[in-house]
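Reader: Before I rely on any of the labels attached to this model, I would like to see each one set against its rule. Could you take me through them?

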Amino acid sequence: MIALKSAREIDTIRRSGKITATVLTMLMKAAKPGMTTAQLDEIAEREIRARGAVPTFKGYHGFTASICASVNDEVVHGVPCDRPLEDGDLLSIDIGSTFEGFVSDTAVTIPIGTVSPEAQKLLTVTQECLMLGIAQMKAGNRVGDIGYAVQRHAEANGYGVVRELVGHGVGREMHEEPQVPNYGSRGAGPELRLGLVLAIEPMITQGAREVEVCEDGWTVVTKDGKLAAHFEHTIAVTADGPKILTLRDFGEHPDVAHYRPKEESIV
Ligand code: MG
């Protein structure tokens, strides 16, 4: 069953999303060569709890950390560890927090130090995929419209779209119905109705789209070892169109300002 949210519930998810986005911005600023993802995870847990929320990921199906930290060919669900980040790495940070009973879920992939133009292009296109998917979140559209928009842009750039993992409804639980694939057909799937809240999260690969799970039982990597990127927002379908509930506050953080034009110009 797809649970629609009231305006009041959406506002609570927005407040949850503000916490999640604020802490994610802190992690984006902190992530540098030499730092470990375990250190980032410590910051995340401390800062989420300091704001009266709970890290949603911690303990979820036995996951031991508050963020997923996935490096280079790791697509998603990387477990934070003591290996230092290196100049040229791509780091995907996925984070969720639960505030007053409501979950928000968001992710970014960022360059560590200087990355190749090819890697930077993968980041740009994946973020564009997210924003094009979000732009489809209008009442009356269908879930397939989101996947179609994401897939079309990724494949037009020669990239792969991961099939095994999908976006999802979010709110009372981290994973609610419906599933939101990053591929699909226009006009297919459940209708997007006012009050629907989704986490849209394109997972895009530089090479082939096939992935596998590592021996740790969590980390998803590309089979061909090529790079992957992952961007995610929690968004509500409202009468005024799509409303991103995990938008970061760019004004306070000029070093991530390069993310702003795309988010504002598309939605
Ligand atoms: Mg998610």
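Author: Let us begin with contact, which means heavy atoms within 4.5 Å. Among contacts in the chain between residues at least 6 apart in sequence, 71% join residues at least 24 apart. This is a predicted model, in which local features need pLDDT of at least 70 and side-chain atom pairs count only at pLDDT 80 or more, while totals for chains, interfaces and linings use all residues. Residues are numbered from 1 along each chain as its sequence is written, and side-chain values use heavy atoms, with hydrogens and water left out.

Reader: What makes the radius of gyration of the chain agree with that of a compact globule?

Author: The radius is taken over C-alpha atoms, and the globule rule is 2.2 Å times the number of residues to the power 0.38. With 267 residues, the rule gives a value near 18 Å, and the chain has 17 Å, so the two agree. Along the principal axes, the C-alpha atoms fill a box of roughly 45 × 45 × 35 Å.

Reader: How many helices and strands are there in the chain?

Author: The chain has five helices and 15 strands, where helices (H or I, at least four residues) and strands (E, at least two) are DSSP runs, numbered from the N terminus.

Reader: How do you know which residues donate to the magnesium ion?

Author: Donors are N, O and S atoms within 2.8 Å of the metal (3.2 Å for Na, K and Ca), and water is not among the atoms, so sites may look incomplete. Asp105 (OD), His168 (NE2), Glu201 (OE) and Glu232 (OE) coordinate the magnesium ion at 2.1 to 2.3 Å, and therefore count as donors under the 2.8 Å limit. Along the chain these donors follow the spacing D-x62-H-x32-E-x30-E. Glutamate 201, in the loop between strand 9 (197-200) and strand 10 (203-205), and glutamate 232, in the loop between strand 13 (228-230) and strand 14 (233-238), are 31 residues apart, and the pair links distant parts of the chain.

Reader: Are glutamate 201 and glutamate 232 buried or exposed?

Author: Both glutamate 201 and glutamate 232 are buried, a word that means under 20% relative accessible area, with exposed over 50% and partly exposed in between (1.4 Å probe, protein chains only). Buried residues make up 54% of the 267 residues in the chain.

Reader: Why is cysteine 68 in no disulfide?

Author: A disulfide is a pair of cysteine sulfur atoms within 2.5 Å, and the structure holds zero of them. For cysteine 68 the nearest cysteine sulfur, that of cysteine 81, is 13 Å away, so the 2.5 Å rule is not met. Cysteine 68 counts as buried because its relative accessibility is 6%, and cysteine 129 counts as buried because its value is 0%.

Reader: Why is the pair of phenylalanine 63 and tryptophan 218 called edge-to-face?

Author: Rings of Phe, Tyr and Trp (its six-membered ring) pair if their centres lie within 6.5 Å, and planes under 30 degrees apart count as stacked, over 60 as edge-to-face and the rest as tilted. By this rule the count comes to one aromatic pair. Phenylalanine 63 and tryptophan 218 lie 4.9 Å centre to centre with 80° between the planes, so they meet the distance limit and are edge-to-face. This pair links distant parts of the chain, 155 residues apart. Phenylalanine 63 is buried because its relative accessibility is 5%, whereas tryptophan 218, at 25%, is partly exposed.

Reader: How do you know that arginine 163 lies over the face of tyrosine 183?

Author: A charge sits over a ring if NZ of Lys or CZ of Arg is within 6 Å of the ring centre and within 35 degrees of the ring normal. Arginine 163 lies over the face of tyrosine 183 at 4.7 Å from the ring centre, so the distance is within the 6 Å limit.

Reader: What makes the backbone at glutamate 100 and at proline 178 worth a remark?

Author: Most residues other than glycine have a negative phi, and most peptide bonds are trans. Glutamate 100, although not a glycine, has a positive phi of about 50°, and at 52% relative accessibility it counts as exposed. The peptide bond from glutamate 177 to proline 178 is cis, with omega near 0°, and proline 178 lies in strand 8.
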